[in-house]
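Okay, thanks everyone for coming. I'll take a few minutes to walk you through one protein chain, so have the picture open and follow along.

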Amino acid sequence: MASSWYTLVVDAHDMPSLARFWCEVLDWRVVYEDEDEVTIGANPEALPGLCFVSVPERKTVKNRLHIDLSPDDQDAEVERIVALGATRVDVGQGDDVSWVVLADPEGNEFCVLRPKRTLRD
């Protein structure tokens with residue numbers, strides 16, 4: 001029997017604030033919250049979700065795992081997400097790539113890709 005992907009857990013200095021940022025980015029909502037974690041998703045039954053857990057330290061090195069977003073309009077989506085509080089970052093990607101690297105308000109890198117419809121695009 002295979003496993004199912006349940007959540008991606010993200011260490012956060014300010015769980016509620018970072019969860020709200022990602023709710024805005026993904027058009028998701030908070031589906032569970034207590035003093036130790038905040039979980040967001042499209043709805044409570046839709047898997048996977050993102051779970052934010054509190055840690056005392058701030059992020060200090062490049063992520064070893066990151067989220068890739070596939071919007072309908074890459075330029076418009078980058079502009080929208082930057083307005084929500086993301087920043088453009090350079091992780092050595094160069095100028096000739098088809099994606100844009102951003103960081104969320106706590107510095108977690110993620111990519112905004114050109115539009116994709118399958119995992120083979």
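**A walk through the chain**

Let me start with charge: the chain carries 12 positive and 24 negative charges, and the mean positions of those two groups sit 6 Å apart. Keep in mind that what you're looking at is a predicted model.

Now the overall layout. How many helices and strands does the chain have? There are two helices and eight strands. If you read along the sequence, they come in the pattern β-α-β-β-β-β-α-β-β-β. The radius of gyration is 15 Å, close to the 14 Å that the globule rule gives for 121 residues, so the chain is as compact as a globular protein of that length. If you like box dimensions, the C-alpha trace spans about 40 × 35 × 30 Å along its principal axes.

A couple of numbers on how the chain packs. Of the 121 residues, 33% count as buried. Take the contacts with a separation of 6 or more: residues 24 or more positions apart account for 53% of them. As for the outside, the chain exposes about 8,200 Å², and carbon and sulfur atoms supply 50% of that.

Okay, let's go inside. In soluble globular proteins, nonpolar side chains tend to be buried together. Here, the largest nonpolar core has 22 residues, and the ones touching the most other members are W22, I40, F52, I81, L102 and F110. Which elements give two or more residues to this core? They are β1 (7–12), α1 (15–26), β3 (37–41), β4 (49–54), α2 (74–84), β7 (100–103) and β8 (109–112). The largest share, seven residues, comes from α1.

Let's zoom in on two of those core residues. I40 first: leaving aside neighbours within four places in sequence, its contacts include A19, W22, C23, W28, V30, V31, L50 and F52. R29 and G49 are also in contact with I40.

Then there's F110, which you'll find in strand β8. Is F110 buried or exposed? Its relative accessibility is 1%, so F110 counts as buried. Again not counting residues up to four places away in sequence, F110 touches a whole list of residues, including F21, W22, H66, I67, L69, I81, V100 and L102. For a sense of distance, F110 and Y32 are 78 residues apart in sequence and 23 Å apart in space, C-alpha to C-alpha.

Now for some loops and ends. Find P48, in the loop between β3 and β4. A cis peptide bond joins L47 and P48, with omega at about -5°. Which brings me to S4, in the segment before β1. S4 and P48 are 44 residues apart in sequence, but their C-alpha atoms are 8.5 Å apart in space. And is S4 buried or exposed? With a relative accessible area of 64%, S4 is exposed.

One more backbone detail. D27 sits in the loop between α1 and β2 (29–33). Phi of D27 is near 55°, a positive value in a residue other than glycine. D27 has 69% relative accessibility, and the cut-off for exposed is over 50%, so D27 counts as exposed.

So if you rotate the model yourself later, try finding F110, which is buried, and then D27, which is exposed. That's me done, thanks!

Key. Residues are numbered from 1 along each chain as its sequence is written. This is a predicted model: local features need pLDDT of at least 70, side-chain atom pairs count only at pLDDT 80 or more; totals for chains, interfaces and linings use all residues. Side-chain values use heavy atoms; hydrogens and water are left out. Helices (H or I, at least four residues) and strands (E, at least two) are DSSP runs, numbered from the N terminus. The radius of gyration is taken over C-alpha atoms; the globule rule is 2.2 Å times the number of residues to the power 0.38. Buried means under 20% relative accessible area, exposed over 50%, partly exposed in between (1.4 Å probe, protein chains only). Contact means heavy atoms within 4.5 Å. Accessible areas come from the Shrake-Rupley method with a 1.4 Å probe; for residues, only the protein chains shown count as cover. Lys and Arg count as positive and Asp and Glu as negative; His and the chain ends are not counted. The place of a charge is taken as NZ of Lys, CZ of Arg, CG of Asp or CD of Glu. A nonpolar core is a set of buried Ala, Val, Leu, Ile, Met, Phe, Trp, Tyr and Cys residues joined through side-chain atoms within 4.5 Å.
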